[in-house]
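Student: I have a chain to look at and some questions about its charged residues. Could we go through them one at a time?

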Amino acid sequence: MLGLGLRQVQDALNKKADDVQHEFVAVSDELDAVSRKIIEVRNEDRPPLRAEQESLRAKQAQLADEVNLWRERSRAVTQQRGESGLRAYMEELKGLGDPMVTFAAGQALE
């Protein structure tokens, strides 16, 4: 039963990573659109678009880091040593504030 509970925690963490990855793709699409606009407009109209482009690149980098963090958390589920380490990790996951992850970690603890 413990294996099933841990699998549910991993699924919840991977689902969170997938959700963030979808955001990343949406930002990438926006970035492509802005990049195309930059080419199409006059030079004097480019500075605000370049600022938006930089903002989107920063958001893209932040989302990439977040995806990697959620994926790493998922991998870490099976790398905990001993029951006390696993319990501590489940408690840590419960404190992340994501309802689906909190629920799955709570279920695994029971």
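Student: Is D98 buried or exposed?
Tutor: This is a predicted model, and D98 has a relative accessibility of 12%. The cut-off for buried is under 20%. Therefore D98 counts as buried.

Student: Which residue forms a salt bridge with D98?
Tutor: D98 sits in the loop between α3 and α4. Its partner lies in helix α1, 82 residues apart from D98. The closest N and O atoms of the pair are 3.5 Å apart, and the partner is K16.

Student: How far apart are the closest N and O atoms of D18 and R71?
Tutor: D18 is in helix α1 and R71 in helix α2, so the pair links distant parts of the chain, 53 residues apart. At 33% and 21% relative accessibility, D18 and R71 both count as partly exposed. D18 and R71 form a salt bridge, and their closest N and O atoms are 2.6 Å apart.

Student: What separates R75 and E72 along helix α2?
Tutor: R75 and E72 form a salt bridge, with the closest N and O atoms 3.0 Å apart. The two residues are 3 residues apart in helix α2, which means a separation of about one helical turn.

Student: Which helix gives the most to the negative surface patch?
Tutor: The patch is formed by D29, E30, D32 and E52. One of them, D29, is partly exposed, with a relative accessible area of 47%. The element that gives the most, with 3 residues, is helix α1.

Terms used. Residues numbered from 1 in each chain as written. Predicted model: local features only at pLDDT ≥ 70, side-chain atom pairs only at ≥ 80, totals over all residues. Heavy atoms only, no water. Patch = residues over 30% accessible without salt bridge, like charges linked within 9 Å, V, L, I, M, F, W, Y side chains within 5 Å. Areas by Shrake-Rupley, 256 points an atom, 1.4 Å probe, with all protein chains shown as cover. Salt bridge = Lys/Arg side-chain N within 4 Å of Asp/Glu carboxyl O. Lys, Arg positive; Asp, Glu negative; His and termini not counted. Charge placed at Lys NZ, Arg CZ, Asp CG, Glu CD. Helix = DSSP H or I, 4+ residues; strand = E, 2+ residues; numbered from the N terminus. Buried < 20%, exposed > 50% of the residue type's maximum accessible area, 1.4 Å probe, protein only.
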